[in-house]
Amino acid sequence: MPIPQTYSALEQQRKRRDRRWLVGLSLLLVIICVFSLSAGENWLWPDQWLGSEARLFVWQLRLPRAIAVILVGASLAVAGAVMQSLFENPLAEPGLLGVANGAGVALVLCVMLGHGILPVWVMSLAAIAGALIVTFFLLTISRKRLLTNARMLLVGVAIGIVCSALMTWAIYFSSNLDLRQLMYWMMGGFGGVDWNQIWLAMLLLPVLLWLVFQGNALNLLSLGIVQAQQLGISLTTWRYGLVLAVGWIVGLSVALSGVIGFIGLVIPHILRLAGITDQRRLLPACAIGGASVLLLADVVSRIGLYAAELPVGVVTATLGAPVFIWLLIRVGQIR
């Protein structure tokens, strides 16, 4: 009996540590959210939020943007963690595998063919369709074992490069002003988000919440095909259900904010390096961590330059990549 008792004690200790991480990340998100609502060309701290000036800057401009950033950041981080589990590849994430760029190509085609007059919901559906097409293609390759994980990753990178080239060619030869403005937005940004677009962000919420609570299923899927089937998991149903969910949130995120890399790749890895490996707690931690990091990057993009706004995608890569490299080196030295 000493072995089960020892295992139980270790499991309880790990649960307590993971819960402390979740509480700490939640507090961090609250702090960054307060800072985001306060920061800008006109700084307004919480004691000024009930004033007349705050009605415009805080409640009309910054709050809807913060809500959109939080939902997109959480969605991208959770999508990255789910894709890494589905594809059994630690480098899988929406941007690196070309899923986000597939959504971007669909958006560019919509703007070109619709001459900028198509409603937002049509472009959102197109972005979702583009993300799903690339994701299903990659999932088919991975399940049929036509390629190794490394080669499948190269295929995803190649798809992303092709999609980026298609978007660049379309915008370069276009005289459509909407399409040229779309190019800057595709670098990642929330500059045009207000209460009129917040419904698009809210469409992320139900699917995001559903994914966050699928940690137990992902734990079982990670055991392997035979073990998962013996435990009553329908592999086909779960895989395609998860792919549809990932395509939905990635497509909507691209439609809302453009292509933002790094979040889906690095946030799950940072949390795993911190010791959170159980998917039941990793997915909620990814949601909170991704929201915090992207919200902080959005603040930096707004206040980093005077009278200008940096693309959020550039900020996340610039700030996050060195931190991730440092963490990998540090963990490697410890081991």
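A salt bridge is a side-chain nitrogen of Lys or Arg within 4 Å of a carboxyl oxygen of Asp or Glu. The exercises below concern a predicted model.

**Exercise 1.** State how many salt bridges the structure holds, and work out which parts Asp18 and Arg281 tie together.

*Solution.* Begin with the total, which is seven salt bridges in the structure. Next, take the pair formed by Asp18 and Arg281, whose closest N and O atoms are 2.7 Å apart, and set this against the cut-off of 4 Å. Finally, place both residues: Asp18 lies in helix H1 (residues 2-38) and Arg281 in helix H13 (residues 279-303), so the pair ties together parts that are 263 residues apart in sequence.

**Exercise 2.** Describe how helices H2 and H11 pack, and which classes of residue make up their contact.

*Solution.* Start from the geometry: H2 (residues 52-86) and H11 (residues 235-257) pack with their axes 9 Å apart and at an angle of about 145°, and their crossing is left-handed. Then look at the residues that meet, among them Val72, Leu76 and Met83 in H2, and Arg239, Val246 and Ile249 in H11. Sorted by class, the contact of H2 with H11 has 13 nonpolar, three polar and one charged residues.

**Exercise 3.** Find the residues of the nonpolar patch on the surface, and say which helix gives the most to the patch.

*Solution.* The patch is formed by Val120, Trp121, Leu125, Trp199 and Leu203, which together have about 480 Å² of accessible area. Helix H4 (residues 120-144) gives the most, with three residues, and Trp121 has its place in this helix.

Definitions and conventions
Residues are numbered from 1 along each chain as its sequence is written. This is a predicted model: local features need pLDDT of at least 70, side-chain atom pairs count only at pLDDT 80 or more; totals for chains, interfaces and linings use all residues. Side-chain values use heavy atoms; hydrogens and water are left out. Patches are made of residues with over 30% relative accessible area and no salt bridge: like charges are joined within 9 Å, nonpolar side chains (Val, Leu, Ile, Met, Phe, Trp, Tyr) within 5 Å. Accessible areas come from the Shrake-Rupley method with a 1.4 Å probe; for residues, only the protein chains shown count as cover. Helices (H or I, at least four residues) and strands (E, at least two) are DSSP runs, numbered from the N terminus. Axes are lines fitted to C-alpha atoms, for helices over the stretch in contact, and angles run from 0 to 180 degrees between N-to-C directions. A crossing is left-handed if the near helix is turned anticlockwise from the far one by less than a right angle, and right-handed if clockwise. Contact means heavy atoms within 4.5 Å. Ala, Val, Leu, Ile, Met, Phe, Trp, Tyr, Cys and Pro count as nonpolar, Asp, Glu, Lys and Arg as charged, and the others, Gly among them, as polar.
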